[in-house]
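Good morning, and thank you for joining this meeting. I would like to introduce a structure that will be new to most of you, and I ask that you keep it in view while I speak.

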Amino acid sequence: MSHTFLLEIGLEEIPAHVVTPSAAQLVQRVAAFLKEERLPFGKLVSFSTPRRLAVKIENLADKQADLEEEAKGPAKKIALDKDGNWSKAAIGFSRGQKSSPEQIFFKELKGTEYAYVKKFIPGKSAATVLQGLQQVVASMTFPTMMRWGNNDFKYVRPLRWLVALLDDTVVPFQILDVKTDRLSQGHRFLGKTVSLENAAAYPQALEAEYVIADAAQRKQMITQQLTELAQKNAWKIVIEPELLEEVNNLVEYPTVFAGHFAAKYLEIPDEVLITSMKDHQRFFYVLDQNDKLLPNFVSVRNGNREYLEKVVAGNEKVLTARLEDAAFFYHEDQKHTIAEFVERLKRVMLHDKIGTVSEKMTRVHLLAQQLGKILGLSPTENTALLRAAQIYKFDLVTGMVGEFSELQGVMGEKYALLQGEEPAVATAIREHYLPISAEGELPQTVVGAVLALADKLDSIMDFFAAGMVSTGSNDPYALRRQATGIVRILLARKWQLSAVDLTALVTRNYEEAPSLYAKIAPQNNKAEVEVFIVERIKKLLSSEQFDYDVVETVTALTKNSFVAIMAAAAVLQKHKVEVDFKETIEALTRVLRLAKKVSPANLKIINKKLFENDSETKLYAAVESVAADSKGKTSEERYALLKTLQPVIAEYFEETMVMAKDEAVRNNRLAQLVKIADLTAPFGDLTKLNVK
């Protein structure tokens, strides 16, 4: 006989961004619990609203499966005395297993016979097993936790009710003073307490009390209402998935409505209007058929259509007040020049351990100058880059960004254009923040990409030098995101820079202008920063399903550019399945292990007069040929050339004792191996490859 079980956790309103992952976590934990308890089930159905997390278990078994297992006891020589009678150890073992000595039998394990008895463990009923869900509910974790009352217990929000219903029977357990029952709650204002007749009736019973418990159904209702409203008014309502998800988790019974604001506010940049509506009020913004912003907004009420006109009026009033502030700041900011804003930055601290934002801009200007030369920017691009680097943080002290911090860079671009800056300069001011997430949009212009690199590199070096390093999951200064941005920009632009190249730029600037680093000494943290940035490309490679040993191999040398690292990973992963890959890598790693034992600086010259056999001559000729042919070649072509060395290396080791007694001969041979090791360097450290 199969059953239906419902578990519902009733709470005070949960933050919208926590609802969906928490609902998923509950399903995962319940599934793991049922599997661990050997209680078969068919399907888990998730429900969630701002006030509840619930899961319905369908086709749940009546009881656990029975278990028959063998319990192992003492060795036979201990279980039987010299006369073949049961020893005290055997009798105690059987008694402990609720059995008798007569039921003992012997089995051999690793050459020794042991006493065993068979144990029969009858399965517990579903009603008994499900009481263990108390621990599942209590052990859930959330991004933010709180305590209430005088309890030490922590949860995302205070517990208000618990439902645990097996068909039509309550499964008893409690958390704090909240006991399980069949009573759920309807909509906070429109509904009433719901007494559930059985678990299967859950969604329908709640819907009668203005709660749509199925998040997917609720989202579909919102989408449908938005579509109907757009068609009715010939609008384009911009439905961004993230906003739709958030709004969906703010309501239990959705009703879409439209509002209006004065057309005069359309003079404000669209980004400001959209931020006011979308980010601050959770409104959807509206476009006409030509994609021009309209003085309208769309929102979702948590309730029905009763008194909706008052809800519309209230939302219009709130938005108008915010837009009035935006209009004020927009006009006030234009009374000042960019130079005035830049001057103010001398009094704005980036961090008390690092210095001012103005000092950071000067450092970034130097870095941008260096990067512009290295990356071969045109004179026009270089001029735009250096101008952007002089002013790119100016909007931080504008009134608009003070009110709408999300518009950093965006308002910088707007104001720069209004004050006659070149479009390339204005765009770079906005793009230097990109990407704003690990997988976010990258700068589209060369100038913006270089400025973004310089700014992110300076930030990472500054905070490392100040001892504020990301640890564990803690990254308050977004250093990991900025390092990922550096890697992604270099890869997208195919700019051949390595972690070592980047830190060297900062060190050079420190040596040339130490006054700009009055509070920090970035050269002391070069190695740490290099490893930190390389860790980001490790993450990228792992996310693209490269094997672990390939990732460790290609990222072992921080002097290799990120473009070279990515290319090397692709080549090694591709050839790893080939028959001759193992012998090729084994030949090269044998060379590398010997080469690692010496200092390459002392072994640069190879004297052919010290060769003692033909294999040395052959290896020398082959290596010289590969070295010459490798110049300017792709990673694929380099690998093909290295592969040709395998038979020559094999013959060399057959006929040659590298560690000869004669020091001159030994060093000459080691110098030859160091040269081969140098040829493998673009692939990282091949000794880390697993070819077993």
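I begin with a loop, the one between helix 16 and helix 17, where P435 is found. The model before you is predicted. Within that loop, the peptide bond joining L434 and P435 is cis, with omega at about -5°.

Let us now turn to the two helices on either side of P435. Helix 16 covers residues 423–431 and helix 17 covers residues 446–465; their axes come within 8 Å and cross at roughly 40°. Because of that angle, helix 16 is oblique to helix 17. The crossing of helix 16 past helix 17 is right-handed. Which residues of the two helices make the contact? From helix 16 they are A424, A428 and E431, and from helix 17 they are V447, G448, L451 and A452. Sorted by character, the residues of this contact comprise five nonpolar, one polar and one charged.

A second pair of helices invites the same description. The axes of helix 9, residues 270–281, and helix 10 come within 10 Å and cross at roughly 135°. That angle makes helix 9 oblique to helix 10. Here, helix 9 passes helix 10 in a right-handed crossing. On the side of helix 9, the contact is made by V272, L273, S276, M277, H280 and Q281; on the side of helix 10, by V318, L319, R322, L323 and A326. These residues divide into seven nonpolar, three polar and one charged.

I move next to the interior. The largest nonpolar core has 137 residues, and the members that touch the most others are M277, M400, I537, L541 and F562. Which helix supplies the largest share of this core? Helix 17 does, with twelve residues. Separate from this core is a second one of 41 residues, which includes L7, V18, I57 and F153.

M400 deserves a closer look. Setting aside neighbours within four places in sequence, M400 is in contact with V272, A326, F329, Y330, D333, L407, M411 and Y415. Of these partners, V272 and A326 also belong to the contact between helix 9 and helix 10.

Two loop residues merit attention for their backbone angles. D291, in the loop between strand 15 (284–287) and strand 16 (293–302), has a phi near 65°, a positive value in a residue other than glycine. Is D291 buried, partly exposed or exposed? Its relative accessibility is 48%, so D291 counts as partly exposed. Y307 likewise has a positive phi, of about 55°, although it is not a glycine. Y307 lies in the loop between strand 16 and helix 10, the latter spanning 308–333.

I close with L645, placed in the loop between helix 25 (635–643) and helix 26 (646–655). With a relative accessible area of 0%, L645 is buried. What does L645 touch, if residues up to four places away in sequence are not counted? The partners are A622, V623, V626 and I676. As for its position relative to L133, the two residues are 512 residues apart along the chain, and their C-alpha atoms are separated by 63 Å.

Thank you for your attention.

Terms used:
Residues are numbered from 1 along each chain as its sequence is written. This is a predicted model: local features need pLDDT of at least 70, side-chain atom pairs count only at pLDDT 80 or more; totals for chains, interfaces and linings use all residues. Side-chain values use heavy atoms; hydrogens and water are left out. Axes are lines fitted to C-alpha atoms, for helices over the stretch in contact, and angles run from 0 to 180 degrees between N-to-C directions. Helices (H or I, at least four residues) and strands (E, at least two) are DSSP runs, numbered from the N terminus. Angles under 35 degrees count as roughly parallel, over 145 as roughly antiparallel, 65 to 115 as roughly perpendicular and the rest as oblique. A crossing is left-handed if the near helix is turned anticlockwise from the far one by less than a right angle, and right-handed if clockwise. Contact means heavy atoms within 4.5 Å. Ala, Val, Leu, Ile, Met, Phe, Trp, Tyr, Cys and Pro count as nonpolar, Asp, Glu, Lys and Arg as charged, and the others, Gly among them, as polar. A nonpolar core is a set of buried Ala, Val, Leu, Ile, Met, Phe, Trp, Tyr and Cys residues joined through side-chain atoms within 4.5 Å. Buried means under 20% relative accessible area, exposed over 50%, partly exposed in between (1.4 Å probe, protein chains only).
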